Every structure is written in structure tokens, then in C-alpha cells.
Protein chains: 2
Amino acid sequence: MTSTTTTTAPLSPVAPPAGARRPLGQDEVRITGGFWGARQDVNARATLAHIRSRLESEGWLGNFDLAVAGRLPAGRRGREFSDSEVYKYLEAVAWEIGRRGDAELDRLFADTVRRVAAAQEPDGYLNTQFGRPGQAARWSDLEWGHELYCLGHLFQAAVARGRTRPGADDGLLDVAVRAADLICEVFGPGGRSAVCGHPEVEVGLAELGRLTGDARYTAQARLFVERRGHGTLADIEWGRSYFQDDQPVRDTSSLHGHAVRANYLAAGAVDVAVDTDDRGLLDALRQQWTRTVARRTYITGGQGSHHQDEAFGEDWELPPDRAYSETCAGIGSIMFSWRLLLADGDAAYADLIERTLYNVLATSPDPRGTSFYYANTLHQRVPGIPADPSTTSPRASSSLRAPWFDVSCCPPNVARTLASLDAYLATVDSAGVQLHQYAPAEIRTTLPDGRAVGFDVETDYPRTGLIRLRIVGDSEAEWTLTLRVPAWAEGATVTVKDAGAASTHDVPTGPVELRRAFLDGDIVELLLPMAPRFTYADTRIDAVRGCVAVERGPEVLALESVDLPGGLVDVDDVRIDTSAGLRERDGRVWARVQQLRDEDGSWPYSPEPTDGRDTADVTGEVPLVRYHDWALRGPSTMRVWVPTA
Amino acid sequence: MTSTTTTTAPLSPVAPPAGARRPLGQDEVRITGGFWGARQDVNARATLAHIRSRLESEGWLGNFDLAVAGRLPAGRRGREFSDSEVYKYLEAVAWEIGRRGDAELDRLFADTVRRVAAAQEPDGYLNTQFGRPGQAARWSDLEWGHELYCLGHLFQAAVARGRTRPGADDGLLDVAVRAADLICEVFGPGGRSAVCGHPEVEVGLAELGRLTGDARYTAQARLFVERRGHGTLADIEWGRSYFQDDQPVRDTSSLHGHAVRANYLAAGAVDVAVDTDDRGLLDALRQQWTRTVARRTYITGGQGSHHQDEAFGEDWELPPDRAYSETCAGIGSIMFSWRLLLADGDAAYADLIERTLYNVLATSPDPRGTSFYYANTLHQRVPGIPADPSTTSPRASSSLRAPWFDVSCCPPNVARTLASLDAYLATVDSAGVQLHQYAPAEIRTTLPDGRAVGFDVETDYPRTGLIRLRIVGDSEAEWTLTLRVPAWAEGATVTVKDAGAASTHDVPTGPVELRRAFLDGDIVELLLPMAPRFTYADTRIDAVRGCVAVERGPEVLALESVDLPGGLVDVDDVRIDTSAGLRERDGRVWARVQQLRDEDGSWPYSPEPTDGRDTADVTGEVPLVRYHDWALRGPSTMRVWVPTA
């Protein structure tokens, strides 16, 4: 929390007043295509309209109209937190408008805000589920009511709008400010010493405080973080750890309990630590991140091992078949990691963000952008049943993507993340620019000393490992361009080409700093080794002992039944022959496998350390699928971790 | 369904009119001590009183009084199925009275029946949760209401009483008959074509039909079995498979869905198949049993792999750390297996029953008989938190035994099973007597041809493997004594000693038949090899790949942290050295282990197939604990499956 202090906040979801790095906002980074550009296009073209259509047809937007018409609670539809999906949709639309402008979207945005704003009560309270005759009283069910949670999402939407269209007359920021004022009044010093069962208001208040400069919001976020862990919430079947009310944030050694709640809380706590220069709290959060990544995170970056309580398991409890790995937990992990990256500058945070982006965020939506994974299993034992597109899916554990869920937090969460993704690519500090994620992009910014610097990124990463940066504009003095060599990328090289010559160097993993007075047209090429590789798990992860995974670049691969050639029947009957290595052909990675006979058997426990089966004489080469592309060809079975032969 | 047809029903929970074997009832078998005798004593001395005390203090018995006083629903306490716990308690007490008589218990029994009977409505309806003003209508929530489920338990209690005290004037049988008549009226042919969300009424009706000779009850049980699987219950989050309403029983290949529901239904379906001589249905159930045992059963005999829906997982989905293995599912499995044994006579059913008795049923209650496991994990990663004895435990997944649960199905289920356990030891057919389970016992019965035969069993099995049978009474003609050599007991011998001489023979696993004209005082000794042994799992069980378990006789052993000597820290850091074998010393089994260093680490996935850790130089011998005795010495961690070195 030393080097930079910003004057104008970046057009970015997170804009801390201090920290090792300042994020570059939408006005400084523009993704121009590639893997993520294509997904942003689908998000803009299809997902936003899909979400709006469901918010209308499910009545979740209509709940606000009913509130205005005085027709609640009778006609209310959706779960107690359905308001939040409207707010996440608003946030997504705000970032999309910020990204490329769109008059029609702007009209829809204003229209939606009008309906929401009309439902706000005179004192600032806003929720369609509580407080009216026939409804439970305001703040009467903090464990499950999600009132503060919903408002946290409202604040994030208002911040998105406030940053991307400052001075817009839609009124969302006013709505947010009035709600935030009420929160400070009710839950502030001297008020109710309570917290919400689902953290989220903390990040919302912190960012609203940064946007408005109102220190009360920052202080209120801090109060909520500090209150947590003192058992103000009731005990429940899964214990208070479910909502992180079992131990104070600064005394916690690892993320635990409900995985989305845990990450949202941690993200808010980083905001609080940075805004109040609380190094002890930041240290605790860093340590939690490290231990969680070391012991409670799937190879995909996914988090959450329990279906029952959507929660982290104990250390090393990472079953692939019962992986919950909720899409929203992945997004929460990105939120937490990004805030630590801004505070510390450490490349390890960007490594996890990249892994989670490619293997959780990109896995959730289908290529049309209209159906989604809520949970992201790493092992599908039986082919799933396609969701009925005309209805909502009751099953978070659906093994095929579904258009909408009774609890539909994930689709709008994916949408807001994709719409704001440009703002997660790069940062600056006093020395120069740091590029964290690789996508075709135009980057133009100003260093703290006032110098304009810029470059374009050309790449089809992760299809290939070549990332070419073309400097735009001459620089009179030296500045440092920092590139991230991912931890998996042993053997990377950097080539710098200027008018004079080209020189190539091997570079280790981690940050690579290139300091020079770059001139317009200079080329920097980072070449990451993209050969597919076998990956083994720490043997303390019991559930995948004796197995291997295959990765290529930042992408996790999987064995999917629809790719099995004749004679091979089921992914669970296959053993991978690692001695045969991996081969790339026709744009796919191929592995050599043996098939075991699937015998009926009787009692499956025996005195012999064999599997009680013969290896069938069927062996063959099978292509692997990118994990984010699995289950796109109909019902199938799938394994990320495959037993070795 | 051929050989025997009984005239007088045995004093046994299950008394089929046909089948390969007739069970010997409480009047023919008496357990006189040993492992199970001690547990029956604790059950009689402590558990029954504990249950009654909780039924009173929790108000579940009081609900019946409130019904009589017209004070429902306001004062009702407990879950919607709490009536059933009262009925299971009544069943347990009835068997206990049958086992050894007890005037005080008899008084308590009559008193309880009086309170229950008073709440029955004029048309026979009996339930404290439904049907009154202010309550939901009768049969209006078949998915979750449990009305028929509760009555099924009532019928089993009435059958227990009717068999052990025929003609008793307490009136329970009348109550049951009136309720059964109402069920036949409401749900019979031409009535509502519906089933209960929780199977149980099927076994209850079938046995009540056997006791009373009323064929309508048998026919109604059959109707319920045949209706199931046609989607008359609503779809729910986990699908209709949760309550086995996704496919007809006779088209099902494996038990699936909620594990207690699945076993209760299967048990009732065997009853129906036997009573109606439906060989197709019986074949289907046999096949389901075989496949479930081969692919969906824990080494303990426990069943159910999911916490979320208390359900079976897919084939091979048997995680030890998230094993649910509900005590009641184990009891349901014994119910299902025992009925198939009576129908078929196959020793494999008794093998599974023995395994489940020692490793599920015996694990649930503590030695005092006043706290219980609901779920039975096979791997405890962090020490559990002791339950508050003054309250009910909200957590089925509690890692320490608890006195009572919000859903407290397990304690009375354990109690009724222990009280009737004598009736699960032996059977007869036209050839002779089959002894299935080994405990000190007196066995006196009559063969179908009218000859009296008898023998005493002397053994301290499973402490040692010697089971000595002493024939009581001379026999003029030959009869066959059949002993079960468990599948694990390779190398067993049988010695027959009569006045003349002694001869010893090696016997294979499975049934061993000794046919002769036994004389009073003849001795038959079965010697089972009790050396501890390593057991490996079929490698298709992903979750325990690379691990080994240790068993001794019918008992599964476990590594528990409280047994680790200095220098060894956590069961998860230990690897077992199978090359060093196992040793017995001081009545315990010892294994040689190595300890790995528990390093902090970072990202736990790497290109090298190592565990990223050095093996510490700490090696040592550790004693294993009988699984049913774990967690009796305070909070601890535990593994049944230990990785091999």
C-alpha cells in the first residue's frame, strides 16, 4: 500500500485509493478479439437479452412493479434474493455500455432503473421481499433474508454506472446512496450490531465509498467485516462457519464455509484493509488465499467441495465427482485474487485468475451464451439429462448447462464479469505497465508521472503461445513493461525487436520486467511453451490419488465419452498410459489409453491389490477436450483426472 | 419359494408364508452373552429408557396427548415424522418384552399404547401432524408428509406385539388394523393411485397381513410396490429417484436415491414377491441387491454416499470422507438382505448382514447406549465437536455420537434391531438348521417333520474365531446342520467330536453342511481364521485408489489419531507399509507406518508424479482401533482407508 495514489478512479469495478498497482479501466484497455473477445460478443449479443427475458418472464423484475402498485406480497415470485439478479444484470449492462456504448442498451438500462427506483421507500429501504404488511419485517431474518446482500449488488451496479457514465441522469447512484445511508443509520456505530448471512454488502459499500468519497460507507464496510465471526447470526445445521460467522476474519487461516460467501467476504475485507491501511488484516487475507489455493482449490481454479452446503471442504477434500465448484465461487475467487494483486502486485494472483477464467468462467456459458453451469463437476459418471429450456432448472448439480435456475445467481454473474473483463488485464505503477492476462487488446494509459504509454497486443492465445506487443508512441524516458510468465510456462522466451535488431532471452516463470525507452513500432514477443503436459496432484488430495490430468497452457483438458473410439466404452474404464506421452494433431491433444473390462463382480473388496479385472486388449489413442468445451455435444461422461495405467 | 410352509409364525419381525428358509424366532433362539448379548443388555438397561425420556422431553409422545385434548396444531413439537419414533420405540419395547419379559416395560408399553390409541380418529386415521383445523389436510403432502411411513412403523410395532404377546389386551393390534383398513379404503383399488414419499408402509402392511391373515393388507402392499416408479410423486430438486418414484421396482437395476427409502422399499417388495409368488419381481430384487453390494456399498456394509440427499451415489462413488452411511440405511440393508436370505437361502446375504451388524449397527451407539451416530463416516479429517447432551443435535453429519437428533430415526431403529436380534441368527428348512450369525446362544426348534432339535453355541467371537456348538438331545434320524463360513474366512476348519472320536476338516467359504444323526453332547467346532488382513478395493472405486484397509474377522479396523505415538501427528500424514505385515499384540492389531512431513506448499498440482514432500524419517508401529469403537476417547481424526507407502 505504498507506491501509487490515484486522482481519477479508473473505469473499473475495483478502484482502490492505494496499493502496489492501479488497475487500468475500460477507457485504457480494450479487448479487440480472440478467446475473450468472442465471449464478450456473445455476452453482449445474446446473454444480456437472455437474462433480461428471464428476469421478466420469471417475474423478478415484475416484483418491483408489484411493490409500486402495492400488490406485494401476494404476487411476488422468485427466491428471497431475486432482486440481486436484477442488480447484477444492471451492473453487467452498465459495463457493456461502458465497453462499447449502445443506445438501445442505455434505454433498457434507464427503463430498468426507473422500475427499481420506483420501489424504493422514502427512507431509502429497497427490497421486494420484506417490510410490507403480510411480509416479514425488515432485517428480521439476517441469516437467510439477503437484504444487505441484495443492496451490495445494487451498489456495485451503481458504481459501474457512476464510473462509466458519470453524471448520467438515470438516478441509480441516488438510489444506491439513499440505501447506503439507511444501512449506515441502521447498522452503523450505535445501531444494530449485526451482519448479513451472505457477505456482499462489504464490497459494495467499500466501492461506493471510493466512488462517492463518503467515508461513512468505508467505515460501515469495515464495521461489517470486523463484526463477522462473533456469532451474531444464529447457529444452523452446518454451523456458523457456513456464513463465516464462526471466527473473526483476521483470525481465520483458510477460506471456509459457503464458497461464494467466503470469497465475497474476503474480497470486501481486502477493500477494507486497503482503505484503512490495516496491514494486519491484509496479512491475514494473504495467508488465507495462500492456504486456500494450496489445499482447497481444484485444478480448474474451482472452489467448493460440498453439494449440501455449497461449501469448502476440509484441507485436501477435493472430490472430482462431487466437486461443486460453483461458477459464482470462481467469480468470487477472481474478485478476491484481483484485489490482492492490486494491493501486492504478486503474479501468483494473476496465475489463479487466469486458471479460473479459462476453466470456470469460460466453462459455465455455452457458446450461444444462453445456458450455463451452476456447479462445475470434474467427473461425470453418468450422462446428464438435458434441462427443459422452457422452465427453470431445480438442480444446481445439473450435469448439462441449463438456461435458468431457481437460484440463478450464476448467469448474471458471468455476464457482469465478461462485460468488465477489459479492466482485469493490466495495471500500472510508477515504474510502468504490467500485463497480467493475454488477449488481443489496445492498451493506452498514463504513467503516474504523466507520460502517455501504449501498446497493442496481438495473439491467438491460448491456441498458440505467441503474444506479440507492438508499442504505440515514442517514449522519451525508460519505463518498465512487465509480462507475466505463468507458473506452468517453464521454458518461455521473450524477444525484443526494435529498429536495430532482435534479441531473444529465456525467461523464468513469474514477472518479467523489460525496462527501456520504448519507441513506436517496437515489438515485444512473449513465447509461452504450449506443449500439452501431464499434471499430478499432491498425494494428500485423496480423491485423485493414482490419477493424472492433462493441461495445455492455461487450459485443463478432459476425457469425454463422446470422443471415445469404437471399442472403448466408458471414461471410467479407461487408464491413461503416461509413458506414451501426449501428441497434438488436428488442433487437439491425444493420449494413449488402455481399456479395462467392465465386469459385473461381486463384493468389491479383496485381499489382492489388483483391480480384480483384466486389462482388455483394447488400447488406442483418444483426443481430449478442453474442459470448458465439455458437454457441448450432448449427454456424456467425463473425467479430468484419469487413473494411470 | 418352495420348501417350507409354516403353520405357526415364528416370533420374528419377518415371517414369510413361504421361502427357502423359515426364521427361528425369539422362542427358538436366545442370545446368552458375548458381543451382541452385551449390547442387548445395554439396549434394555439404558437405551430404551433414554429414548422414552427424549420422546417425552421433546414432546413427541406429548403430541398424542395434545391431539386428544384438541390442542393441536398449536403445541405440536418435532418434525412431521415424529410419530414414527414413538412407534419404533413401541416395537423395540415389544421385542424386549418378548426377549425376556419385564413387568415394568409391559406397563410402560401399555401406557404408551393408551396415549397413542386415544389419538386415533373414529375412522382409523392416526397422525398428529395432519387433518385437524389449522393443519394441512390428510394425505395432502405425500412427498414429505410421512403419514403412511408412520403407519408402517405402527404396523411393525403391532406385529411385534401380536407375535410376542398374542391376545394382549393393550389394544395396539386393533389400532393398527383400523388404520390399515383406512389405508386400504383410501389407497386401495379404485382409491387414490398414490404412494408415500418414504417407503415403509409396504413392509408394515405385508407383515400385518401375515399376522392377521387379512389378504387385503398384502394386496395393498403389492399395490404400493407396483405403483411406485410411475411419477405419482412430484419432481423435486434431486429428482424423483430420491423416493424411488423414477422407475418401477421391477425395472430397476440397482438401489438408488435416498438409501433408507431404497432399502425399505426393496424389503417390502421382497415381502410382496414372496407373498404373491412373483418370481419376476424377486429376480429383479436379487439383481438389485447383487449390483448394489458390488458397486454401491462401503467396506463397512454402509450405504449412501451423499450428505445432500442422504442417497446412494452412482456406481463406484464411495468417498470415505463424505460417506453418509446412515445408521438407518444399514438397518434397512439388513432388512432387505434378511428377507432375501429367507427367500433364497444364500449365504452371501448373511455375509453382508454380519458385516453391517459389526460395522454399522454396532458403531452407532456408544457403550452406554445413550448417544448415537446418525451418519457413519469412514474418514474424519478434523476432530469433531462433542454434541451438547442437553439438546438435540442439528447435524446428521456430527463426527461424534450425539444423544438425540432433530431427525432422530436412528436411535429407536438401533433399539428395535438389537431387541429382536435373536431372530436373525438361525433358520430351518426341511433338511435341518442353518446357523447364520455367531453368538453365544441357546437354539431349540422343531424341524418341519416334527423332530425337536437343539444346540447351544459357545463362543467369544469375534475376539477369537472358535465357535463351539454343543448338541442338546438325541436325534433318531439324520439332519443337516449348516454353518456359514464367511467369504473372508479362507482356511476355516470344522471339527466334529462325538463319543467315538474327533475329526477335523478344512472347509471352503460359504455354507458348510454337516448331516448326521446328532446325539446329545456331540460337539461341532467351527474355527474361523482371525488373523488381521489387508483389504484392497476394486480400482473402480476412485476415492480409495492406492489405499488399503485392515480387517480382522468381520470387523473393519481404523487408524485413529488418539493412537498415534509421539512424532506422528495426523492420520492424513501417515502411509501404511504393507510389506511389514500386521501384528497382534495386547489384543490389538498393529501396523507399520511412515509419516510424511506436512508441508505448507503452494499450488498442489505439478508436473512430477511425487507428492511434493519428503517422507519424514519417523516410522513406527501403531495400533488400529475397531471401527465400531472409534471416537470413544474424545475428538479425533480417523481413516479406514490408509494410503500405502
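Let me start with Arg381(B), which at 8% relative accessibility counts as buried, and which in this predicted model forms a salt bridge with Asp542(A), the closest N and O atoms being 3.0 Å apart. This pair crosses between chains: Asp542(A) sits in the loop between β14 (533-537) and β15 (547-552) of chain A, and Arg381(B) in the loop between β3 (379-380) and α13 (410-419) of chain B. Asp542(A) is itself at 5% relative accessibility, so this residue counts as buried too, given that the cut-off for buried is under 20%. As a general point, side chains of opposite charge can pair when their charged atoms come close.

Staying with charges, but moving within chain B, I would next point you to Arg468(B) and Glu525(B), whose closest N and O atoms are 2.9 Å apart in a salt bridge. Here the pair links distant parts of the chain, since Arg468(B) belongs to strand β8 (residues 466-471) and Glu525(B) to strand β13 (residues 523-527), with their positions 57 residues apart in chain B. The surroundings of the two partners are worth stating separately: Arg468(B) is partly exposed, with a relative accessible area of 26%, whereas Glu525(B), at 10%, counts as buried.

In chain A, salt bridges that share partners join Arg52(A), Glu56(A), Asp65(A), Asp111(A), Arg114(A) and Arg115(A) into one network. Another salt bridge in this chain is the one between Asp102(A) and Arg100(A), with the closest N and O atoms 3.1 Å apart. Is Asp102(A) buried or partly exposed? At 23% relative accessibility Asp102(A) counts as partly exposed, and Arg100(A), with a relative accessible area of 40%, is likewise partly exposed. Over all chains, the count comes to 136 salt bridges.

Let me turn now to the aromatic side chains, for which the count over all chains comes to 44 aromatic pairs. One of them brings together Tyr373(A) and Trp630(A), whose ring centres are 5.8 Å apart and whose planes lie at 15 degrees, so the pair is stacked. What parts of chain A does this pair tie together? Tyr373(A) lies in the loop between α12 (347-361) and β3 (379-380), while Trp630(A) lies in the loop between β22 (625-626) and β23 (638-639), so the pair ties together parts that are 257 residues apart in sequence. Tyr373(A) is buried, with a relative accessible area of 2%, and for Trp630(A), also buried, the value is 2% as well.

In chain B, Tyr125(B) and Trp139(B) form an aromatic pair that is edge-to-face, at 5.3 Å centre to centre and with 85 degrees between the planes. Both residues lie in the loop between α4 (103-118) and α5 (147-164) of chain B, 14 residues apart. Tyr125(B) is buried, with a relative accessible area of 1%, and Trp139(B) is buried at 7%. Back in chain A, ring pairs link Phe35(A), Trp36(A), Tyr358(A), Tyr438(A) and Tyr461(A) into a cluster.

Finally, there are places in chain B where a charge meets a ring. The charged end of Arg39(B) sits over the ring of Phe35(B), 3.7 Å from the ring centre, and the charged end of Arg585(B) sits over the ring of Trp590(B), at 3.9 Å from its centre.

Technical notes
Residues are numbered from 1 along each chain as its sequence is written. Chains are lettered from A and ligands numbered from 1 in the order in which they are written. This is a predicted model: local features need pLDDT of at least 70, side-chain atom pairs count only at pLDDT 80 or more; totals for chains, interfaces and linings use all residues. Side-chain values use heavy atoms; hydrogens and water are left out. A salt bridge is a side-chain nitrogen of Lys or Arg within 4 Å of a carboxyl oxygen of Asp or Glu. Buried means under 20% relative accessible area, exposed over 50%, partly exposed in between (1.4 Å probe, protein chains only). Helices (H or I, at least four residues) and strands (E, at least two) are DSSP runs, numbered from the N terminus. Rings of Phe, Tyr and Trp (its six-membered ring) pair if their centres lie within 6.5 Å; planes under 30 degrees apart count as stacked, over 60 as edge-to-face and the rest as tilted. A charge sits over a ring if NZ of Lys or CZ of Arg is within 6 Å of the ring centre and within 35 degrees of the ring normal.
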